[in-house]
Amino acid sequence: SLGWVLSEENFMKGTEDWLSQLKLRASWGQNGSTASLGGYKWNVSIGATGHLAVGDNNNFSYINGYAPSATGNDGLKWETSEQFNVGADMTFYNGMIRASFDWFKKSTKDLLFQPTVEAIRGNNAAFRNLGNITNQGVEMQMTFNKNWNEINFSISANASYLKNEVVKIGNANGYTDGGSWRTSVNVTRMEEGHAMGYFRLYKNLGIFQNEEQIQNYKSKDGKVIQPDAVPGDFIWQDTNNDGQITDEDRTDCGNPWPKWTFGLNLGADWRGIDMTIFLTGKAGYKVFSDIYRQEAYGRSNLPSFYLDRWRKEGDDNGVPRLSSKDPNGNFGKPSDFYLYDGSHLKISSLEVGYSFPTKLINKLMLNKARIYAAIDNLATFTSYPFMDPEVGNMAGGNILSTGIDYGTYPQARTFRFGLSLNF
């Protein structure tokens, strides 16, 4: 790492009144990791697979069965992360304002990854050193502190921007699928030139309103693309322009990695009364919902927004017609119908307190006494219609399951009251 304090150079003289410090810095480094691997993944592991009933209906017993739970890979090695960073630290007006800025690029080579395999195989795939990925972006932070008479005020803000891209995959086709939807359909993909685990889905272009619109939706050679559709069905995008809707028309519809992550911390105190509020947020990412069972569509209770489904020409609230057989795959296809914007702003905490006057507490042999009340997870502002847009990786282990909502348990709202005493 290297650093240069510019504010101490002769050519910066005359800026002391407003610029207290300016430092430029740069760093580079490499490290190896097996943190995502766990123990003995190079070896073939044996695990219980269930039991077999032996005997007749009146006299039987169970025999436990064991089989390889995952294939091994004795060629595993550490994944290597290389990071380059340049930044600047700035202080203004004797510390009243502080700011920092960083640009970084992190390249991970020989990524440790467990590919997804068909359930029919009976066990899991071995971990592999599969491909290279890059993460690059910027990080910014600023703090402000000011006293106005008896009021002390502080603000701290931070924001970061991130771009993720798969550079290389060490297999023949240049991609691997993952992210299970309805137990058997993969909805995410790791592919060269895309973000890690992007959502590979059918894209709908709206809803057919009448038969004429269906017949006019044609390929470049004049072929009707969805001849079996009826009014109220989704219009599927013919991504590869071959005149038909197939699995090859699934496309990159977004990814679960927030482009922007930000936070804001506000604090103030006056004559013993203090208040702090902490806000956090993320923007520019997607969440795929896998909350409802497939067999529910058209045959049992559904969320209330299905009341806005298509019923007649002119209805276009984004929800297609309901059908028990669903021949167009309106609900059966893995599509962007289940994809939501996860952007949100949260009031993560709000706390109000009062510190008793020193003259009063000294009589009680105390140095400080403070009472407070606080609320954690006070409010979330988002267009995401389900429990919580911060679903993370609910399946665990496989990074390609990130961003799929299997029915995440919401974060609790907590009310706290307390008394703090210092002797």
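These legends walk you through a few close-up views of strands in a predicted model.

Local features need pLDDT of at least 70, side-chain atom pairs count only at pLDDT 80 or more, and totals for chains, interfaces and linings use all residues. Residue numbers start from 1 along each chain as its sequence is written, and side-chain values use heavy atoms, with hydrogens and water left out.

**View A. The open sheet contains 11 strands.** Follow the order 1-2-5-6-9-10-17-18-21-22-24, where the pairing is antiparallel. Strand 1 (2-5) and strand 24 (414-422) are the edge strands, each pairing on one side only. From one strand to the next, the twist averages 10°. Here strands are DSSP runs (E, at least two residues), numbered from the N terminus, and two of them pair if DSSP finds at least two bridges between them. For angles, axes are lines fitted to C-alpha atoms, and values run from 0 to 180 degrees between N-to-C directions.

**View B. Strand 1 meets strand 2 (residues 19-33).** The two pair in the antiparallel sense over 4 bridges. Look for Val5, which stands opposite Lys23 in strand 2.

**View C. Strand 6 (residues 97-109) lies alongside its partner, strand 9 (residues 132-148).** You will find 12 bridges in this antiparallel pairing. One place to start is Arg98, whose bridge partner in strand 9 is Thr143.

**View D. Strand 9 and strand 10 form a hairpin.** Strand 10 covers residues 151-168, and 17 bridges join this strand to strand 9, with the two running antiparallel. Val138 stands opposite Tyr161 in strand 10. There are 2 residues between the strands, and Asn149 in the turn has a positive phi of about 55°.
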